[in-house]
Structures are given as structure tokens and as C-alpha cells.
Amino acid sequence: MNYLALVYYQEQQIEAMTEQEWHDLNQKCIRCVEGLTQSGHFIAGQALQPTRQATTVRVRDGETLITDGPFAETKEQLAGFYLLEARDLNEAIQLASKIPPAQLGSVEIRPIRQLPPKDEGALS
């Protein structure tokens with residue numbers, strides 16, 4: 001089964017890091033991905049730019065509304081994701097506990113939901 005591990009942390013805490021601390025955290029993440037890849041659990045993942053680079057899009061009554069920044073202010077911001085292959089939720093939790101930013105913030109684990117097959121003959 002596939003699980004998405006969403007990595008959250010406080011951007012202020014990251015911005016307060018020294019260049020060396022930031023480098024070390026990134027190196028830990030790289031080693032984590034290497035380990036997950038070698039064990040066959042890593043499918044994909046990426047780090048995200050800070051929320052000040054985000055744009056939120058909503059469509060209401062056919063009108064596209066664009067807002068700079070994230071949808072809502074939160075204590076922790078979405079920083080990246082790991083798409084993992086795991087037997088079950090327990091294994092996904094065990095894998096997520098090894099993701100280095102979990103020590104600074106949190107990692108939300110969500111099972112991937114498969115969409116149903118496309119209806120044949122559907123126009124759109």
C-alpha cells in the first residue's frame with residue numbers, strides 16, 4: 001500500500017538555523033531517502049520552497065481566486081513529502097519516524113486513495 005508522509009515544521013525555526021545546521025539537516029534527509037530507497041520503501045519525494053513562495057487557487061461560482069501564500073496560517077508549514085510503499089499503517093509509521101524533520105515538527109501519514117477507473121464513453 002502507498003502512503004504519503006507530509007513533512008511539517010515551523011519555517012521560523014528553520015530560518016533561525018545556522019548554515020551548517022541547515023546543511024546537516026539536508027544531509028540527514030538525503031541519507032534517509034537513500035536508506036528508504038535501498039529498502040524498497042521510497043517511491044518519490046520532494047522538498048518545498050517556503051510558504052512565502054506559495055500561491056493558493058480557489059474556484060468559486062466559476063471564478064478563479066488567487067491568493068499569495070498558503071490557504072491558512074498554521075503553526076507548522078508543509079515543507080515536503082515522501083511517497084512510501086509500506087505493508088500497513090504500522091510500517092508507514094515506523095518509516096515516517098526516521099524522517100529527520102520529524103524531530104523538529106511532525107510527519108502526517110495518509111494512505112493514498114486510488115481513483116476509480118474512468119467511465120468509458122464519458123466526454124470529460
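A salt bridge is taken here as a side-chain nitrogen of Lys or Arg within 4 Å of a carboxyl oxygen of Asp or Glu. In the predicted model, R110 and E108 meet this criterion, with their closest N and O atoms 3.7 Å apart. Both partners are partly exposed: R110 has a relative accessibility of 48%, and the value for E108 is 31%.

In total, the structure contains 3 salt bridges. Another of them joins E15 to R52, where the closest N and O atoms are separated by 2.9 Å. This contact links distant parts of the chain, since E15 belongs to helix 1 (residues 11-15) whereas R52 lies in the loop between strand 2 and strand 3, 37 residues apart. E15 is partly exposed, at 49% relative accessibility, and R52 is exposed, at 59%. A salt bridge is also formed by the side chains of R87 and E91, with an N to O distance of 3.0 Å. The two residues of this pair fall into opposite classes of accessibility: R87 is exposed, with a relative accessibility of 64%, while E91 is buried, with a relative accessible area of 9%.

Strand pairing was examined next. Strand 1 (residues 2-9) pairs with strand 5 in the antiparallel sense, and 8 bridges connect the two. Within this pairing, L4 has L83 of strand 5 as its bridge partner. Strand 5 also pairs with strand 2, again in the antiparallel sense, over 5 bridges. Here A47 is matched with G80 of strand 5. Strand 1 further includes Y9, a buried residue with a relative accessible area of 11%. The C-alpha atoms of Y9 and N26 are 14 Å apart in space, and the two residues are 17 apart in sequence.

Strands 2 and 5 are also connected through side chains. The count of aromatic pairs in the model is 1. This pair consists of F42 and Y82, whose rings are arranged edge-to-face, with 6.2 Å from centre to centre and an angle of 85° between the planes. F42 is located in strand 2 (residues 42-47) and Y82 in strand 5 (residues 77-85), so that the contact spans distant parts of the chain, 40 residues apart. Y82 is buried, because its relative accessibility of 7% is under the limit of 20%.

The model holds 0 disulfides. C29 takes part in none, and the nearest cysteine sulfur to its own, that of C32, is 6.8 Å away. This separation is too far for a bond, because a disulfide requires the two sulfur atoms to lie within 2.5 Å. Both cysteines are nevertheless classed as buried, C29 with a relative accessible area of 16% and C32 with a relative accessibility of 10%.

On the surface, a nonpolar patch is formed by V57, V59 and I66, which together present about 310 Å² of accessible area. Of these residues, V57 lies in strand 3 (residues 55-60). V57 is classed as exposed, because its relative accessibility of 55% is over the threshold of 50%.

Conventions:
Residues are numbered from 1 along each chain as its sequence is written. This is a predicted model: local features need pLDDT of at least 70, side-chain atom pairs count only at pLDDT 80 or more; totals for chains, interfaces and linings use all residues. Side-chain values use heavy atoms; hydrogens and water are left out. Patches are made of residues with over 30% relative accessible area and no salt bridge: like charges are joined within 9 Å, nonpolar side chains (Val, Leu, Ile, Met, Phe, Trp, Tyr) within 5 Å. Accessible areas come from the Shrake-Rupley method with a 1.4 Å probe; for residues, only the protein chains shown count as cover. Helices (H or I, at least four residues) and strands (E, at least two) are DSSP runs, numbered from the N terminus. Buried means under 20% relative accessible area, exposed over 50%, partly exposed in between (1.4 Å probe, protein chains only). Rings of Phe, Tyr and Trp (its six-membered ring) pair if their centres lie within 6.5 Å; planes under 30 degrees apart count as stacked, over 60 as edge-to-face and the rest as tilted. Two strands pair if DSSP finds at least two bridges between them.
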